[in-house]
Amino acid sequence: PHPRHAKLPCLTCHAVNRPTGSKGGLTFETPRGCDLCHHQKVLAGKIEARDCAACHRTERLASALPAEVRVGTGTRPPVARQVGFRHNRHEKVTCEACHLPAATVPPDSVRTCQACHQQHHVDARDCTQCHNVRTTTTAHTRATHVRCDACHTPARIAALVPNRPFCLTCHTAQRDHWPAGECSTCHFLRSPAEYRRHLTGGRPR
């Protein structure tokens, strides 16, 4: 829109003596031409979240955006999973840490989830953010409550703690059941830390 660019000299975008039919005499191709001005802070690593919000609408960023992750289990070939990426859960990460504008090479590159979450089995996590009951139960139909490292890499499972968020990945209907308690305390008479060995030690009693 020309009104938004009224302070710029016309020659910033338009060239003179261009042949007729040469895209209106524009000196740049979109989106690269726009990026040359609007994403300079990104390229220089000096951008702030409010700078991005000037053009990228916050209401669009508020919804979960589809992202694909590839999960490999043991010797099986990787399987593609769809997860919902949420910007508001990554507020401490700068925009340019994941995004590079189309003026760069490779163009419009976005980091994958695995670039940061290669090892994500930690206590303070919400398993259901990525794992949901549909994909989880389908993959674990005949492996419920069996040691996880029978299929998954033992090194990854070693960091898992079977606490409430872990259990609710499958048992979604029990989300409001005894919300202040740990599932293993009543169901297996062990704290999550005590019950942890069953993830690598066989079927629980």
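**Exercise 1. Describe the chain as a whole, starting from its contacts and going on to its elements and its surface.**

Step 1. In this predicted model, 49% of the contacts between residues at least 6 apart in sequence join residues at least 24 apart.

Step 2. The secondary structure consists of eleven helices and two strands, and, read from the N terminus, the elements follow the order α-α-α-α-β-β-α-α-α-α-α-α-α.

Step 3. The chain has 205 residues, of which 19% are buried, and its accessible surface amounts to about 15200 Å², with 58% of that area belonging to carbon and sulfur atoms.

**Exercise 2. Find how many salt bridges the structure holds, and state for each partner whether it is buried or partly exposed.**

Step 1. The search returns two salt bridges.

Step 2. One of them joins the side chains of Glu68 and Arg70, with an N to O distance of 3.8 Å, which falls inside the cut-off of 4 Å. Glu68 has a relative accessible area of 46% and is partly exposed, and Arg70, at 48%, is likewise counted as partly exposed.

Step 3. Another salt bridge is formed by Asp149 with Arg147, whose closest N and O atoms are 2.8 Å apart. Here Asp149 is buried, because its relative accessible area is 15% and the class of buried residues takes in values under 20%, whereas Arg147, at 34%, is partly exposed.

**Exercise 3. Determine how many disulfides the structure holds, and explain the result for Cys98 and Cys167.**

Step 1. The count of disulfides is zero.

Step 2. For Cys98, the closest cysteine sulfur is that of Cys116, and since the separation is 5.6 Å, the two are too far apart for a bond. Cys98 itself is partly exposed, with a relative accessible area of 21%.

Step 3. For Cys167, the nearest cysteine sulfur belongs to Cys183 and lies 3.9 Å away, and Cys167 is in no disulfide; the criterion asks for sulfur atoms within 2.5 Å, so a separation of 3.9 Å does not meet it. Cys167 is buried, at a relative accessible area of 16%.

**Exercise 4. Locate Thr169 and Gln174, and describe what each of them reaches or touches.**

Step 1. Thr169 sits in the loop that runs between helix H8 (164-168) and helix H9 (183-187), and Gln174 is also placed in the loop between H8 and H9.

Step 2. The accessibilities put the two residues in separate classes: Thr169 is buried at 6%, while Gln174 is partly exposed at 37%.

Step 3. From Thr169, the side chain reaches the backbone oxygen of Pro165 at a distance of 3.2 Å. Gln174, when residues up to four places away in sequence are left out, touches Arg164 and Leu168.

**Exercise 5. Work out the surroundings of Ser184 in helix H9, and classify the aromatic pair of the structure.**

Step 1. Ser184 is part of helix H9 and is buried, its relative accessible area being 2%.

Step 2. A polar atom of the Ser184 side chain lies 2.8 Å from the backbone oxygen of Arg190. Setting aside residues up to four places away in sequence, the residues touched by Ser184 are Pro162, Leu189, Arg190, Ser191, Pro192 and Tyr195.

Step 3. Tyr195, one of the residues that Ser184 touches, is itself buried, with a relative accessible area of 7%.

Step 4. A search over the whole structure gives one aromatic pair. In this pair the ring centres of Phe188 and Tyr195 are 4.4 Å apart and the planes meet at 15°, so the pair is classed as stacked. The class follows because planes under 30 degrees apart count as stacked.

**Exercise 6. Compare how far apart Asn163 and Cys183 are in sequence and in space, and place Asn163 in the chain.**

Step 1. Asn163 belongs to the loop between helix H7 (154-157) and H8, and with a relative accessible area of 9% Asn163 is buried.

Step 2. Along the sequence, Asn163 and Cys183 are separated by 20 residues, and in space their C-alpha atoms are 6.9 Å apart.

Step 3. Cys183 also appeared in the disulfide exercise, where its sulfur was given as the nearest cysteine sulfur to Cys167.

Technical notes: Residues numbered from 1 in each chain as written. Predicted model: local features only at pLDDT ≥ 70, side-chain atom pairs only at ≥ 80, totals over all residues. Heavy atoms only, no water. Buried < 20%, exposed > 50% of the residue type's maximum accessible area, 1.4 Å probe, protein only. Helix = DSSP H or I, 4+ residues; strand = E, 2+ residues; numbered from the N terminus. Polar contact = N/O pair within 3.5 Å; in protein donor to acceptor, adjacent residues only side chain to side chain. Phe/Tyr/Trp six-rings, centres within 6.5 Å; stacked < 30°, edge-to-face > 60°. Contact = heavy atoms within 4.5 Å. Areas by Shrake-Rupley, 256 points an atom, 1.4 Å probe, with all protein chains shown as cover.
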